[in-house]
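Work through the exercises below with the sequence and the model open. Each task is followed by a solution in steps.

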Amino acid sequence: MSADHPPSTALLTDHYELTMLQASLASGTAERRTVFELFGRRLPEGRRYGVVAGVGRALDTLERFCFDEPTLAVLAEVVDEPTLERLARWRFTGDVWGYAEGETYVPGSPLLVVEAPFAEAVLLETLLLSIYNHDSAIASAASRMTRAAGGRACIEMGSRRTHEEAAVAAARAAYVAGFAGSSNLAARQRYGVPTTGTSAHAFTLLHDSETDAFRAQVASLGAGTTLLVDTYDVAEAVRLAVEVAGPELGAVRLDSGDLADLAHQVRAQLDRLGADRTRIVVTSDLDEHAIAALGSAPVDSYGVGTQLVTGSGHPTVGLVYKLVAREGADGELVGVAKRSTAKESWPGRHWARRRHDAAGTATAEVVGTGTPPPPADDERDLLVPLVRAGEVVGREPLEAARERHARSRDALPMASRSLLRGEPVLPTVRP
């Protein structure tokens, strides 16, 4: 299919969603008005808050969710003819509200509220969960990393450690949570994420000597480039780097060894050689704890790969998508909920607000059902319209999500800065 007609996303789902649709059509309940909500019952173990990411990607994907002829051909062996006929005229006509991208959240936060006929809302479960669970996991890890970096730049470099499409989504989510850029060029093309990169050890090994490699790189990319200095001997490489590029050398990169100790040695050597403005970039399987441990070292930026794209130990954040209300006999919405042990949900369509103290620090997540009361002076609404009557209304520039995350995180209590295990930084209050 051409770029002008991107492929349908309707098959990025689970088999049972289509068989539920078939059974509901047979029982006459498929068109009942329903409310589904996407939320987390708990945070990943040890985390104090989460970060909402993937909203923009979900909206893009929803617009391409349709049952065209190739899609229906696949489903001909999955569902019956009446279901195929319903799918052929399927389009999303409902309304969606959600936490804006970049917002922080805690357990019980209704990150997404979908109101639509069952035949429409049920089919979105897997698609929405796959996007939100992945992107929010990456953004939540990235937020901890950028907080630990204390203002030093973090660069996403994990493309080779995950699925090729997950790599693009990870670069986008990391940028929302404060990363300065990525090595992934598809993320630049699709989302405008800044990209950067210089060379690997292979480039040095390609040349007859380290000096030749440095000269080739500087001749092509300029003195402001970043030279990798740990292929052979770090001290000798730093000397050669300054000799080749001069004191205007942009940066050197350390990718192995005791990074803290090496950073101190390299900083002292660079200063002695007159390259006092040359930056030090460190890589090598960093996570938020390693970044925090390097806080006292003379490091200027961090390149993070494997630990970022795997959510730093939590590749998903455990979000679920549950029916919380359905149309009753009188045409009004009736709250419903499951009571399974440890998997309970809360009946009714929810609203959510963030409560703050006089200093602007967040103190609670207020989540209620029914008609919300007027917000107090110390509260702000968290749910914003994303889709109205099937039309996307909540699309925004990625920079807006990035700025929102910085504001939301800065407003969290001081406990949010801790990398130690603990309870969520905000209690969830249910009036």
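## Exercise 1: a charged pair

In this predicted model, Arg172 and Glu101 form a salt bridge whose closest N and O atoms are 2.7 Å apart.

Task. Apply the salt-bridge cut-off to Arg172 and Glu101, then place the pair in the domain assignment.

Solution.
1. The rule asks for a side-chain nitrogen of Lys or Arg within 4 Å of a carboxyl oxygen of Asp or Glu. For Arg172 and Glu101 the closest N and O atoms are 2.7 Å apart, and the pair is a salt bridge.
2. The assignment gives domain 1 as 15–138 + 314–429 and domain 2 as 149–309. Glu101 therefore belongs to domain 1 and Arg172 to domain 2.
3. Across the interface of the two domains the rule finds one salt bridge.

## Exercise 2: the domain interface

Task. Describe the interface of domain 1 and domain 2: how much area is buried, and which residues of domain 1 supply the most of its share?

Solution.
1. Taken over C-alpha atoms, the centres of domain 1 and domain 2 are separated by 38 Å.
2. Domain 1 brings 17 residues to the contact and domain 2 brings 19 residues.
3. About 1500 Å² is buried between the domains, with 62% of it on carbon and sulfur atoms.
4. Of the area that domain 1 buries against domain 2, 45% comes from Ile138, Leu398 and Arg402, more than from any other three residues.
5. Four residue pairs across the interface are in polar contact.
6. On the side of domain 1 that touches domain 2, the elements giving two or more residues are helix H2 (55–63), helix H6 (125–149) and helix H15 (398–410). H15 gives the most, with six residues.
7. By class, this side of domain 1 has five nonpolar, five polar and seven charged residues.

## Exercise 3: a pair between strands

Task. What does the pair of Glu115 and Arg33 tie together?

Solution.
1. Glu115 and Arg33 form a salt bridge, with the closest N and O atoms 2.9 Å apart.
2. Glu115 lies in strand S5 (residues 112–117) and Arg33 in strand S1 (residues 33–40), so the salt bridge links parts that are 82 residues apart in sequence.
3. The whole structure holds 23 salt bridges.

## Exercise 4: the record

Task. Which residues does UniProt list for "domain: Nicotinate phosphoribosyltransferase N-terminal", and what is the helix and strand content of that span?

Solution.
1. The unreviewed UniProt entry lists residues 11–132.
2. Residues 11–132 are 40% helix and 19% strand, and their end C-alpha atoms lie 17 Å apart.

Terms used: Residues numbered from 1 in each chain as written. Predicted model: local features only at pLDDT ≥ 70, side-chain atom pairs only at ≥ 80, totals over all residues. Heavy atoms only, no water. Domains from an automatic or database assignment. Contact = heavy atoms within 4.5 Å. Buried area = accessible area lost by both parts, 1.4 Å probe. Polar contact = N/O pair within 3.5 Å; in protein donor to acceptor, adjacent residues only side chain to side chain. Helix = DSSP H or I, 4+ residues; strand = E, 2+ residues; numbered from the N terminus. Nonpolar A, V, L, I, M, F, W, Y, C, P; charged D, E, K, R; others polar. UniProt positions renumbered as here; feature names shortened; annotations may be inferred.
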